[in-house]
Amino acid sequence: MTSKWIGILGFPLTHSLSKQIHIEKLQKANLNYEFRILEWSSVDVDRHLQELKKDPTCVGFSVTMPYKEKIISYLDHCDEFAKKVSAVNCVKNVGGQWWGYNTDAPGFMKHFKLWNPLPPKEVHVVVIGAGATARTLSYALAQEGYRNFTFINRTEEKAKAWAQKIKTFFSNIQTKVLKWGDPSPCELRMTNVFLMNTTPFSPVILSAAKNLISPAWIFDVAYNPPSLSFPRKRESMDPRLRGDDSQCRERCFYTMNGWPMFEAQADLAFKIWTR
Ligand SMILES: NC(=O)c1ccc[n+]([C@@H]2O[C@H](COP(=O)([O-])OP(=O)(O)OC[C@H]3O[C@@H](n4cnc5c(N)ncnc54)[C@H](OP(=O)(O)O)[C@@H]3O)[C@@H](O)[C@H]2O)c1
């Protein structure tokens, strides 16, 4: 009999540490599941997903770039948050029906709230990107009471569309769209900024931060390799939390990379699959 399995869907998956983190969890939980890498290009992802939907041995899988929105059309149930931001990063197979969840938002929030000090509510939240993660994190921050958002995306139309849409969910929210510059996406000359990179193109974060003035909070969703450090006391750091961001530390910025969020969203996904 084929064994049960969990996995990850995305393309490309070369930088993903999903397999390592979930194999450790399977071993700890004494579960004899396989871990499958579903690295399917856009040319044949639909054909594969149609087949996968019939596979009773699939317990569930994580979803990453670029399929967090696409997967929604294959679901039978989707959590409310995921529907609003059109982003599902965790699928569970419940007797042949697929249930979709967003564990990125609580994963991010868990560690965001450990920042000391937290960005004040009146901070300028500057989001680089307008994909699934940009929508998820900006919506989660708006739920926390942040009201001032600027979006910058390589494809400007997507930034404009989300800047409009998020306003339909929250009152008193201000949104702005900046043009993606060259060679840096933007050069911010502001204080009280919470800058976040939600694209796989990590170098943007340090070039965008070049002219920021303290206090500034900077988050990069990337974790492999990490561009930023968190927490800021390097000597006590796990190597996975350490980034090459000396210029930010010298200027007293508060920084965080994507590893804590990655771990937290994976914990939540694993709980969903095994509960
Ligand atoms: N740490 C974590 O736990 C965690 C969680 C979620 C996501 N992530 C990471 O976040 C990244 C985005 O994932 P996603 O699911 O949000 O993907 P997505 O929905 O496909 O969105 C990708 C975004 O990145 C932009 N982009 C892609 N390649 C780019 C490039 N070369 N230069 C500039 N912009 C580029 C896209 O811009 P266009 O609109 O112009 O294409 C879009 O804004 C991935 O690297 C993913 O691994 C990490």
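**Exercise 1. The two domains**

How many residues of domain 1 are in contact with how many residues of domain 2? Describe the division of the chain and the composition of the contact on the side of domain 1.

*Solution.* The model is a predicted one, in which local features need pLDDT of at least 70 and side-chain atom pairs count only at pLDDT 80 or more, while totals for chains, interfaces and linings use all residues. Residue numbers start from 1 along each chain as its sequence is written.

Step 1. The protein chain is divided into domain 1 (5–102) and domain 2 (106–262); these bounds come from an automatic or database domain assignment.

Step 2. The centres of domain 1 and domain 2, taken over C-alpha atoms, are separated by 26 Å.

Step 3. Ten residues of domain 1 are in contact with seven residues of domain 2, where contact requires that the C-beta atoms of two residues, placed from the backbone, lie within 7 Å.

Step 4. The side of domain 1 that touches domain 2 has four nonpolar, three polar and three charged residues. In this classification Ala, Val, Leu, Ile, Met, Phe, Trp, Tyr, Cys and Pro count as nonpolar, Asp, Glu, Lys and Arg as charged, and the others, Gly among them, as polar.

**Exercise 2. The sheet with mixed pairing**

Determine the strand order of the sheet that contains E1, and explain why one side of E2 and of E4 is left without a neighbour in the sheet.

*Solution.* Step 1. Helices (H or I, at least four residues) and strands (E, at least two) are DSSP runs, numbered from the N terminus. Two strands pair if DSSP finds at least two bridges between them.

Step 2. The open sheet has six strands in the order E2-E1-E3-E5-E6-E4, and its pairing is mixed. Strand E2 (34–39) and E4 stand at the edges with a single partner strand each, so one side of each is left without a neighbour in the sheet.

Step 3. Strand E1 (residues 5–10) pairs with E3 in the parallel sense over five bridges. Gly 7 has Phe 61 as its bridge partner in E3.

Step 4. Helix H1 (residues 18–28) lies across E1, E2 and E3 and runs at about 160° to E2. For such angles, axes are lines fitted to C-alpha atoms, for helices over the stretch in contact, and angles run from 0 to 180 degrees between N-to-C directions.

**Exercise 3. The sheet with parallel pairing**

Which strands stand at the edges of the sheet that contains E7, and which helix lies across E7?

*Solution.* Step 1. The order of this open sheet of six strands is E9-E8-E7-E10-E11-E12, with parallel pairing. Strand E9 (174–178) and strand E12 (254–256) are at the edges; each has a single partner strand, so one side of each is left without a neighbour in the sheet. On average, neighbouring strands of this sheet are turned by 15° against each other, direction ignored.

Step 2. Strand E7 (residues 124–128) and strand E10 (residues 191–197) run parallel and are joined by five bridges. Ile 128 has Asn 197 as its bridge partner in E10.

Step 3. Helix H5 (residues 132–143) lies across E7, strand E8 (148–152) and E10, at about 165° to E7.

**Exercise 4. The packing of H4**

Describe how H4 crosses H9 and H5.

*Solution.* Step 1. The axes of helix H4 (residues 104–112) and helix H9 (residues 259–274) come within 8 Å and cross at roughly 130°. H4 and H9 are therefore oblique to each other; angles under 35 degrees count as roughly parallel, over 145 as roughly antiparallel, 65 to 115 as roughly perpendicular and the rest as oblique.

Step 2. The crossing of H4 with H9 is right-handed: a crossing is left-handed if the near helix is turned anticlockwise from the far one by less than a right angle, and right-handed if clockwise. Residues in this contact include Phe 108 of H4 and Leu 268 of H9.

Step 3. H4 and H5 pack at an angle of about 55°, their axes being 9 Å apart, and are therefore oblique to each other. H4 passes H5 in a right-handed crossing.

**Exercise 5. Backbone features**

Where do cis peptide bonds occur?

*Solution.* Step 1. Met 65 and Pro 66 are joined by a cis peptide bond with omega of about 5°. Pro 66 is in the loop between strand E3 (58–63) and strand E4 (77–78).

Step 2. The peptide bond from Asn 116 to Pro 117 is cis, with omega near 5°. Pro 117 lies in the loop between H4 and E7.
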